[in-house]
Amino acid sequence: MIEISGNAVKPEDLLTDYAPGAIEREIIDQIAKSTERYNYDSIEQFKFEIKMRKEIIDSSYELNKSDIGFATFRKSKCNPDFWNRTEEGGFLLKDGVKASEAIRDIFANGSKYATECATAMMIVYYKALLDIYPETLFNKLFSNIELMNWHHIDKLLKEVGLMKKRMDYLPGDRRYFANPDVDPLTPEWQGENVIDLDGKLYYGHGIGVYNQEMIIKALNENRSDGADESAYLKDTAGRPNFARLADIYLNSNS
Amino acid sequence: MNSGYAGTPNYLDHIRRKSGIDECKNYFSEFGKEHREDVIRLMNDRRLYFASLFTLQSEIKEFHINEELSERNRIALDFCKKISDEKNISDASDITIPLSSEPVHQTLLWMLNTGAADDGLCNEFDQILDIAASVLIKTHHEWSVLPVIADLVFQRNRKGTYYHDLIWAFFQTRDVYALRFIAKYLRSPLSKDIQLARKLLNLPQDERLIMGLNRQQEYQKYLSWLKENASYLYFTGESLQFSNNPVPCNLNLEAKYLCKNTSPRSSKPVDSFTEEEVVYLNNFNQMKQEEKITLANYSQTLHKRNNCDWNNWIHYPVEKQIHIAQYGRRELV
């Protein structure tokens, strides 16, 4: 159920902005049919979430098509014109560099970058916001980006690192495939962070865009000898605080 | 640091530690030209630290002495090569290592126990230690290395170097008593240690404690909690790759309420619930979270104190149970 300013809203009233077959319609349909109450302060806040989910999905496809490589944190690499590689294998925005340009460079010069799946998720979120926020606002908000995993995360995006059980799993959610019997020689296959693209396909950096079965198969191929536990999709999701991000955006326009 | 060997050091280790890696390599190359057997003897010395073997890999290759090295050294070199070959996710090394064999087990123990003293030598060296730890825990269930791994984690956290794979390996033990090796850092004078310990033990961050107040009390409190709840704890498999707030170990409240031991691996009770217990749990699960905690704590305490009283109490309606747990009852308290 969708509630805006405390009032239940019919999905038909919200669908008109979106073309038939568009992913936005699927998202709206799903939350409208849910028994969970999805509360929004305003129609603009609601539309922001839908837009951001769409941008997360688009950025996932875009990153998948870029030349960015996979590497463990110990062997990660980045373009030194924009980023400093940290001792932990993360990427820290260089002084004097605009965050917007540094994020765009990852997509434009992917071959200069290699990292793990969690970092790729963070890149997707930043790119989604970059495609929504005015560039000046983006650069003002994110002047100290550190790309790694959930351990070093901007306060504005910290909720994507918190995985919780949800009533519904929606396109644009971050999900996680766990691989409990992973080969100890390759701990990077202990699990795969993914973006839910449409409820059937998932983007995971290092694997690509595949359905659940294929991702599980890829993880299972990297289990230890004698493994008896299959990889599986965990019943949790991470989501940014859409309302807060929307309010920042809406206030910047007012 | 829980690592290394005591006693007279190997001469190669001595040079490396005193004069540096380059000097060690030079010594090996120069001395080895005239004294081939002697350098082989030095390499095969059981006191040698793994870092010296790692450092001298190219010299060993140059001198063609691989076949004359001990089994320990040959396995360790193969292990290093296998890991350095796997530069990308799709790369597969052609080196096969029988990971579950006893010689590999003993070699990895040597690599980790002596290598820990030189952690930070280089990225590749540290990665080899991580993977040695991972194989020792997952394949060999070698719990003796837990103090070494815990120390490495906190040491790296202080230095700001990568430790996430080591934490993951540590929690793969799924042994509740492993948590003690993390808990000891609650007493550390360093706030960075305390913050990480609290995060890994899933304790709320408390500025007062981070500032150094009541560290010993907090540590003792945690150990008491661990002792009380050890039978009902399970490991979730959550890691820093999964979440910024992973809960590696969790408490099965239902099992505690019924005083049934929990499998640390599956989170389920070792003996499955009886039909009668399922009815109790249905009532228990109707309660608010705080009430569940009160019931579980009371149940465990009463069960430990007097099994007969517990048996009476557990048969009461859950409302009466919570009343007794909250306000006490003469014959049960």
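Which residues does A:Thr72 touch, not counting residues up to four places away in sequence? The legends below, which describe a predicted model, begin with that residue.

**Figure 1. Surroundings of A:Thr72 in a loop of chain A.** A:Thr72 touches A:Glu116 and A:Glu188 of chain A and B:Gln127 of chain B, with residues up to four places away in sequence not counted. The loop that holds A:Thr72 runs between strand S4 (69–70) and strand S5 (83–85) of chain A. The relative accessibility of A:Thr72 is 12%, so this residue counts as buried.

**Figure 2. Overall form of chain A.** Chain A contains eight helices and 13 strands. Its C-alpha trace spans about 55 × 50 × 30 Å along the principal axes. The radius of gyration is 19 Å, in agreement with the value near 18 Å that a compact globule of 254 residues would have. Of the 254 residues in chain A, 57% are buried. Contacts between residues at least 6 apart in sequence join residues at least 24 apart in 68% of cases in chain A. The accessible surface comes to about 10,600 Å², and 46% of this area belongs to carbon and sulfur atoms. Chain A carries 32 positive and 42 negative charges, and the mean positions of these two sets are 2 Å apart.

**Figure 3. Overall form of chain B.** Chain B has 19 helices and two strands. For 333 residues the globule rule gives 20 Å, whereas the radius of gyration of chain B is 26 Å, so chain B is more spread out than a compact globule. The principal axes of its C-alpha trace span about 85 × 45 × 35 Å. Buried residues account for 51% of the 333 residues in chain B. Among contacts in chain B with a separation of 6 or more, 63% are between residues 24 or more positions apart. About 16,000 Å² of chain B is exposed, with 48% supplied by carbon and sulfur atoms. The centres of its 41 positive and 44 negative side chains lie 6 Å apart.

**Figure 4. The largest nonpolar core, with B:Phe50 and B:Phe79.** This core has 77 residues, and B:Phe50 and B:Phe79 touch the most other members. Helix H8 (residues 123–138) of chain B gives the most to this core, namely nine residues. A second, separate core has 61 residues, among them A:Leu15, A:Tyr18, A:Ile28 and A:Ile68. With residues up to four places away in sequence left out, B:Phe79 touches A:Leu185 of chain A. Within chain B, the residues touched by B:Phe79 include B:Ile97, B:Leu99, B:Leu108 and B:Met111, as well as B:Ile128, B:Ile131, B:Ala132 and B:Val135.

**Figure 5. Helix H12 of chain B and the residue B:Asn202 that follows.** Helix H12 covers residues 191–200, and its buried residues include B:Asp193, B:Ile194, B:Leu196, B:Ala197, B:Arg198 and B:Leu200. An α-helix has 3.6 residues a turn, so residues three or four places apart point the same way. After H12(B) comes B:Asn202, with a positive phi near 65°. B:Asn202 lies in the loop between H12 and helix H13 (207–210) of chain B. Its relative accessibility is 34%, so B:Asn202 counts as partly exposed. Apart from residues up to four places away in sequence, B:Asn202 touches B:Val247 and B:Cys249. The C-alpha atoms of B:Asn202 and B:Arg187 are separated by 16 Å, and the two residues are 15 apart along the chain.

**Figure 6. Positive phi at B:His64 and B:Arg174.** Most residues other than glycine have a negative phi. B:His64 is not a glycine, yet its phi is positive, near 50°. B:His64 has its place in the loop between helix H5 (57–62) and helix H6 (71–85) of chain B. For B:Arg174, likewise not a glycine, phi is positive at about 50°. The loop that contains B:Arg174 is between helix H10 (164–171) and helix H11 (179–183) of chain B. Is each of these residues buried or exposed? B:His64 is exposed, with a relative accessible area of 65%, whereas B:Arg174 is buried, with 13%.

Key. Residues numbered from 1 in each chain as written. Chains lettered and ligands numbered in written order. Predicted model: local features only at pLDDT ≥ 70, side-chain atom pairs only at ≥ 80, totals over all residues. Heavy atoms only, no water. Helix = DSSP H or I, 4+ residues; strand = E, 2+ residues; numbered from the N terminus. Rg over C-alpha atoms; globule rule 2.2 N^0.38 Å. Buried < 20%, exposed > 50% of the residue type's maximum accessible area, 1.4 Å probe, protein only. Contact = heavy atoms within 4.5 Å. Areas by Shrake-Rupley, 256 points an atom, 1.4 Å probe, with all protein chains shown as cover. Lys, Arg positive; Asp, Glu negative; His and termini not counted. Charge placed at Lys NZ, Arg CZ, Asp CG, Glu CD. Core = buried A, V, L, I, M, F, W, Y, C linked by side-chain atoms within 4.5 Å.
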